[in-house]
Amino acid sequence: MCTSTKEMTVASWQKVGAIDLMSKDIPALKSGEVLVKVAASGICGTDLHISRGETPHASKKVVIGHEFSGYVQEIHPDTKALVKVGDLVAIDPNMPCNQCTFCRNQKYHLCTHLFCIGVTVDGGMSQYVSVPARAVIAVPSHVSPEVASLAEPLSCVVHAVDQGKIKTGDSVLVIGAGPIGLMAIALASTSGGRVTVIEPSEMRRQKALGIFGAIEAFAPGTLPAVDGALGEGFDVVFECVGRPNTAEDAVNFTKAGGTVVWVGVAKVEDRVSISPFDVYRKELTITSTYTNPYGIERAVKVLAENKVNWSALVSHTFKLSEFDDAWKVFLAGTGLKVVIKP
Ligand SMILES: [Zn+2]
Ligand SMILES: [Zn+2]
């Protein structure tokens, strides 16, 4: 694909319905930037939304990839960076403007001018990528690049679990045990929750139980029904699917006084049907979680501690030249994280 030493191979959203491999010039560094040689880049559900034209803020012809790690190749001389050439780094792709009302009020993730590496500007499904120095964070060298590429999705889950405000001994339900759901199970468990999971895949249920800390796992429709009594259900429910029916289930499975966290990304046009009376009578807190504010450093620490076998989240690795095969495996949905190693 790549034909000269100044060119590199990238996977780019060229038109609705397709992510295409193509050649592109290796980016020239600007002041404030770091050039990263990408080592591992995960495919995410957001990439599927982008490919289908379902992400309103995605830029046409953008190089995808917002979950990646790599090695610092070059630092622009006019750049203050806390990393050095050769460091393994993870990337926080969400870059706020630091000027708008949200940025000035401790909600930078809701920035009205947020740009996102791999969504609005070129990302890490690529051999090289230039990113602002503030986007990179050093990862200890004992962490593998594949595990380091999990820092971004894990940072989103750090924020999601913060939203759940779990107390020790709380009953927690996680609906959906894909990579995000499994991360939520792990962090909810280590936060003191007793975690139940609903997930159709036997393989994922077994990983939830055996590796990520769930205490019980059910296929959809087999969890004993909640009949609406105030004391029934779970203290905290994380919906990690992004479909209307599971968003409704999350509300219905929450006990009085409990908290629902909608983590999964729904389609723009989706709608749910829930009972305002039930929400009122049960005094439910229904909240959501958008990106990963203040989560990336904690995510890197948790990955580096290695108390959970995080590498179990990576089910497939491919070269960038094999991106089409990787995309098919990702679409089939039978594995977990599909990671590209350019
Ligand atoms: Zn993602
Ligand atoms: Zn802002």
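Start at the zinc ion (ligand 2): its four donor atoms subtend angles of 99 to 117°, which makes the arrangement tetrahedral. Four donors count as tetrahedral if all angles lie between 85 and 135 degrees. Keep in mind that this is a predicted model.

**Select the zinc donors.** Pick Cys97, Cys100, Cys103 and Cys111. Each coordinates the zinc ion (ligand 2) through its SG atom, at 2.3 to 2.4 Å. Now trace the chain through these donors. Their spacing reads C-x2-C-x2-C-x7-C.

Next, keep just Cys100 and Cys111 in view. Both lie in the loop between strand 6 (94–95) and strand 7 (115–116), so the pair ties together parts that are eleven residues apart in sequence.

Are these two cysteines buried or exposed? Cys100 is buried, with a relative accessible area of 10%. Cys111 is buried too, at 8%. Buried means under 20% relative accessible area.

**Move to the aromatic rings.** How many aromatic pairs does the structure hold? There are five. Select one of them, Phe323 and Trp327. Their ring centres are 5.8 Å apart and their planes meet at 25°, so the pair is stacked. The cut-off for stacked is planes under 30 degrees apart.

Show helix 9 (residues 323–332) as a ribbon. Phe323 and Trp327 sit four residues apart in helix 9, a separation of about one helical turn.

Check the surface around each ring. Phe323 is buried, with a relative accessible area of 0%. Trp327 also counts as buried, at 12% relative accessibility.

**Last stop.** Add Phe330 to the selection. Together, Phe323, Trp327 and Phe330 form one aromatic cluster.

Technical notes: Residues numbered from 1 in each chain as written. Chains lettered and ligands numbered in written order. Predicted model: local features only at pLDDT ≥ 70, side-chain atom pairs only at ≥ 80, totals over all residues. Heavy atoms only, no water. Donors = N, O, S within 2.8 Å, 3.2 Å for Na, K, Ca; no water. Tetrahedral: all angles 85-135°; square planar, octahedral: opposite > 155°, others 65-115°. Helix = DSSP H or I, 4+ residues; strand = E, 2+ residues; numbered from the N terminus. Buried < 20%, exposed > 50% of the residue type's maximum accessible area, 1.4 Å probe, protein only. Phe/Tyr/Trp six-rings, centres within 6.5 Å; stacked < 30°, edge-to-face > 60°.
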